[in-house]
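Reader: Can you walk me through this one? I'd like to go part by part.

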Amino acid sequence: MRTEERPQARSAFQAELVARARAVIPGGTTNSASLPAGLEFLVERGEGAHLIDVDGRRYLDFVLGGGPLVLGHADPRLRAVVERSAALGGHHYALHRRTVELAERIAGYVPSAEMVRFTGSGSEATFHALRLARAVTGRAGIVKFDGAYHGHHDLAVWSFEHSPTRSPAPFPESAGVQAGVAGDLVVLPFNDAGAVTELLAAQPDRFAAVICEPFQRALAPVPGFLEALRRACDASGTVLVFDEVVTGFRFAAGGAQERYGVVPDLTTLGKALAGGLPLAALAGRRRLLEHLGPGGQEPSSFHCGTFNGYLLGVECAHATLDILVEQGGLARLEELGLLVREALRRACADAGVPARVTAEGGVFQLWFTDRPVRTAADIRASDQALLAAYHRLLLEAGVYKLATKGYVGLAHHEGHVEELAEATRWALAQLPER
Ligand code: PMP
């Protein structure tokens, strides 16, 4: 919808809901990321590639539930699966045949996956990957990369957003973290192979794990970086963890590790896996996963969770993987991402605004800079104020996208890509001369 046609004023009903939300939910209108002040909305429903708010205003959605909704909102195929598996009792706390089949399926797709344990969220998967690595190696140290996000637990809430390039000292993103964690963490710049190689060579017995997002937020790995991680970990007996919560079942059936040809020891999966239902997994080498308790080999790393491997999520995962892997969905995601990249590039060039645009596997982002963007420091050096202003305007124009990255899904089509380009042209035209 063109911006000038959009009803701008929020109804009194919606304004009241926003105020009620602020009173009872910390942070107001979200339980996760927050929206720009004055543009908060309450969603009424999702439909394909759109969210519709309580006033009936439609938003073209490039957030897609934070990544999981690869089929779009309220996909009729998933709705039918939910109905069918709910009729069998969607959760049993007893192993179901379909859960075994899903583990086998993941082991067939993901190169590092010899065994699979299901979890409820990506954060649980990364937490257990790191604890398992520590249990098996008997070491405490962990290397993560500046700007990478691995969830909300105590080992993860470091240097993902606000880190003022203080590497290698980790920057806390939260108060209240268990004492002593910072001493076990070293934060290095993404895409700096030399930094990892030197650290692990200098202190070969210190680190249990190196954890990375192989495609970090929206940063592509430079050629040779992931290979260098693999070599440095092999040389020092360090467990290499690929956090593929975003890239799993999106970059390829086997995730980023298949796309880039580097196989880690442990892999965390989530988001796209079940097409919108909460389901995640920790997969990896048998010699490591065999130590997951209860019932694992010593030293045993405890892992348990009420909803781990529940039928409703598992059946939605099978249905989503059918579409993504067997019916050409992955190729279409890639194609849409590349169309978005070209459309955004053109829109920025037409507006004379220097921008770098990236897209892989349907994950896309733009940064306002004329320099290459390879690290979190490069992102911080780009025009962040312009990025925030642009995203605020996008939302005003009825396009829902977060400032960190965007997702395309199979409910998007070429017309939606053109709408995003239109909204971008309009937004950039509103901005003051720089
Ligand atoms: N790892 C990555 C790469 C993620 O993007 C996220 C979620 N944004 C997580 C882990 C945490 O997953 P969850 O929100 O399901 O706990």
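Author: We can take the domains, then the sheets, then the backbone. Keep in mind that this is a predicted model.

Reader: Good. Which domains is the protein divided into?

Author: Domain 1 covers 12-74 + 328-430, and domain 2 covers 76-326. Their C-alpha centres lie 26 Å apart.

Reader: How many residues of each are in contact?

Author: 28 residues of domain 1 touch 34 residues of domain 2. About 2,500 Å² is buried between domain 1 and domain 2. Carbon and sulfur atoms give 60% of that area.

Reader: Which three residues supply more than any other three on the domain 1 side?

Author: L71, L330 and E360. They supply 24% of the area that domain 1 buries against domain 2.

Reader: What about charges? How many salt bridges are there between domain 1 and domain 2?

Author: Three salt bridges. There are also 11 residue pairs in polar contact between the two domains, both residues being at pLDDT 80 or more.

Reader: Which elements of domain 1 give two or more residues to that side?

Author: Helix 11 (329-351), strand 13 (356-360), strand 14 (363-367) and helix 12 (376-381).

Reader: What does R380 form a salt bridge with?

Author: With D146. The closest N and O atoms of R380 and D146 are 2.7 Å apart.

Reader: And the salt bridge count by this rule?

Author: The count comes to 27 salt bridges. One pair is E47 with R58, where the closest N and O atoms are 3.2 Å apart. E47 lies in strand 1 and R58 in strand 3, so this pair ties together parts that are 11 residues apart in sequence.

Reader: Let's do the sheets. What is the order in the open sheet of four strands?

Author: The order is 1-2-3-15, and the pairing is mixed. Strand 1 (43-47) and strand 15 (399-400) are the edge strands, each pairing on one side only.

Reader: Do strand 3 and strand 15 run in which sense, parallel or antiparallel?

Author: Parallel, over two bridges. Strand 3 spans residues 58-61. L60 stands opposite V399 in strand 15.

Reader: Which helix lies across strand 3?

Author: Helix 14 (residues 414-430). It also lies across strand 2 (50-53) and strand 15. Helix 14 runs at about 105 degrees to strand 3.

Reader: And the open sheet of three strands, what order?

Author: 13-14-16, with antiparallel pairing. The edges are strand 13 and strand 16 (406-407), each of which pairs on one side only. Strand 14 is joined to strand 16 by two bridges. V363 has Y407 in strand 16 as its bridge partner.

Reader: Now the backbone. Where are the cis peptide bonds at P294 and P299?

Author: One runs from G293 to P294, with omega near 0 degrees. Another joins E298 and P299, with omega about -10 degrees. P294 sits in the loop between strand 11 (292-293) and strand 12 (301-302). The loop between strand 11 and strand 12 also holds P299.

Reader: Why flag those?

Author: Because most peptide bonds are trans, and most residues other than glycine have a negative phi.

Reader: Phi, then. Is the phi of A74 positive or negative?

Author: Positive, near 55 degrees, and A74 is a residue other than glycine. A74 lies in the loop between strand 3 and helix 2 (76-86).

Key: Residues are numbered from 1 along each chain as its sequence is written. This is a predicted model: local features need pLDDT of at least 70, side-chain atom pairs count only at pLDDT 80 or more; totals for chains, interfaces and linings use all residues. Side-chain values use heavy atoms; hydrogens and water are left out. Two strands pair if DSSP finds at least two bridges between them. Contact means heavy atoms within 4.5 Å. Axes are lines fitted to C-alpha atoms, for helices over the stretch in contact, and angles run from 0 to 180 degrees between N-to-C directions. Domain bounds come from an automatic or database domain assignment. Buried area is the accessible area (1.4 Å probe) that two parts lose on being put together, summed over both. A salt bridge is a side-chain nitrogen of Lys or Arg within 4 Å of a carboxyl oxygen of Asp or Glu. A polar contact is a pair of N or O atoms within 3.5 Å; within protein, one must be able to donate a hydrogen and the other to accept it, and residues adjacent in sequence count only if both atoms are side-chain atoms.
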